[in-house]
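Work through the following exercises with the sequence and the three-dimensional structure at hand. Attempt each task before reading its solution.

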Amino acid sequence: FAQAGVATLLGDAERLVVVAPHPDDEILGCGGLLALQLARGGQVLVIGLTDGEHSHSAVAGFDSGALAVQRAAERLEDARRLGVDGDDVVSLHLPDAALAAHADAMVAKLEPLLRPTDRVVSTWRLDGHPDHDACGAAAARACAAAGCGHLEALVWMWNWAHPGDARVPWHRIVRLPLSPQAQSIKQHALAAHASQLNARSAEIGPVLGDDIRAGAERPHEYFLK
């Protein structure tokens, strides 16, 4: 992979804007990039599309309202651990597991939040999770309308792709090396998402299994330019 530092990746953008389909995707996809941007005194904005209330739908009798409150609080806590001011976290409260049906609403809500001088990071529009895909597609449309740059983080893709997989544009991937400090901050922020890291029930394991957690511990993050 081509390798780039944070300054090269973000270019002359004045602000890093992260658009995450669910609470925790901002960390899984680019928690290290956020930490590096903040370490150099850069501006950030985190936009959460949903509150992730669908993640425990396989658990009999789960309370989606209570889970939404918990996961929204976890998003704010991960931001605090990163060093992101609470005023720089925006939640749009769109329906979890149904973003594809709200594509125009996403674009309409995103575009006014963006500036031409931003660099936006979303999940990849072909990441392999319906909400991730819809998030990436909507972010691309909003960025085109706002006139700002767009990068796509690889999150779910690592679960299904194999080396040389023709479905992945490998030649477009850029690898961002993370400092030990950025790695540590990323892991501390991810640990805020207890609802996703703990077993959902006695019979059902955590949403973030060993493979996803191992991926989040890599000393690099990967983006499509």
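**Exercise 1.** Determine whether Glu77 is buried, partly exposed or exposed, and describe the salt bridge between Glu77 and Arg81.

*Solution.* Step 1: Buried means under 20% relative accessible area, exposed over 50%, and partly exposed in between (1.4 Å probe, protein chains only). Step 2: Glu77 has a relative accessible area of 22%, so the residue is partly exposed. Arg81, at 24% relative accessibility, also counts as partly exposed. Step 3: A salt bridge requires a side-chain nitrogen of Lys or Arg within 4 Å of a carboxyl oxygen of Asp or Glu. The side chains of Arg81 and Glu77 satisfy this at 2.8 Å, N to O. Step 4: Helices (H or I, at least four residues) and strands (E, at least two) are DSSP runs, numbered from the N terminus. Because Arg81 and Glu77 are four residues apart in helix α3, about one helical turn separates them. Step 5: Arg80 joins Glu77 and Arg81 in a network of salt bridges.

The model is predicted: local features need pLDDT of at least 70 and side-chain atom pairs count only at pLDDT 80 or more, while totals for chains, interfaces and linings use all residues. Residues are numbered from 1 along each chain as its sequence is written, and side-chain values use heavy atoms, with hydrogens and water left out.

**Exercise 2.** Which parts of the chain does the salt bridge between Arg71 and Asp24 link?

*Solution.* Step 1: The whole structure contains nine salt bridges. In one of them, the side chains of Arg71 and Asp24 meet at 3.4 Å, N to O. Step 2: Arg71 belongs to helix α3 (residues 64-82), whereas Asp24 is in the loop between β2 and α2, so that distant parts of the chain, 47 residues apart, are linked. Step 3: Both partners are buried; for Asp24 the relative accessible area is 4%. Step 4: The phi of Asp24 is near 100 degrees, a positive value in a residue other than glycine.

**Exercise 3.** In what order do the eight strands of the open sheet lie, and which are its edge strands?

*Solution.* Step 1: Two strands pair if DSSP finds at least two bridges between them. Step 2: The order is β1-β7-β8-β6-β5-β2-β3-β4, with mixed pairing. Step 3: β1 (2-3) and β4 (89-94) each pair on one side only, and are the edge strands. Step 4: β3 (residues 43-50) pairs with β4 in the parallel sense over four bridges, and Ile47 stands opposite Val90 in β4. Step 5: Strand β4 also holds His93, which is exposed at 55% relative accessibility.

**Exercise 4.** Which residues have the most contacts inside the largest nonpolar core?

*Solution.* Step 1: A nonpolar core is a set of buried Ala, Val, Leu, Ile, Met, Phe, Trp, Tyr and Cys residues joined through side-chain atoms within 4.5 Å. Step 2: The largest such core has 34 residues, and those with the most contacts inside it are Leu16, Leu33, Val121, Leu176 and Phe223. Step 3: Helix α2 (residues 25-39) supplies the largest share of this core, seven residues. Step 4: Another core, of 20 residues, lies apart from it and includes Ile47, Val107, Leu114 and Ala134. Step 5: In soluble globular proteins, nonpolar side chains tend to be buried together.
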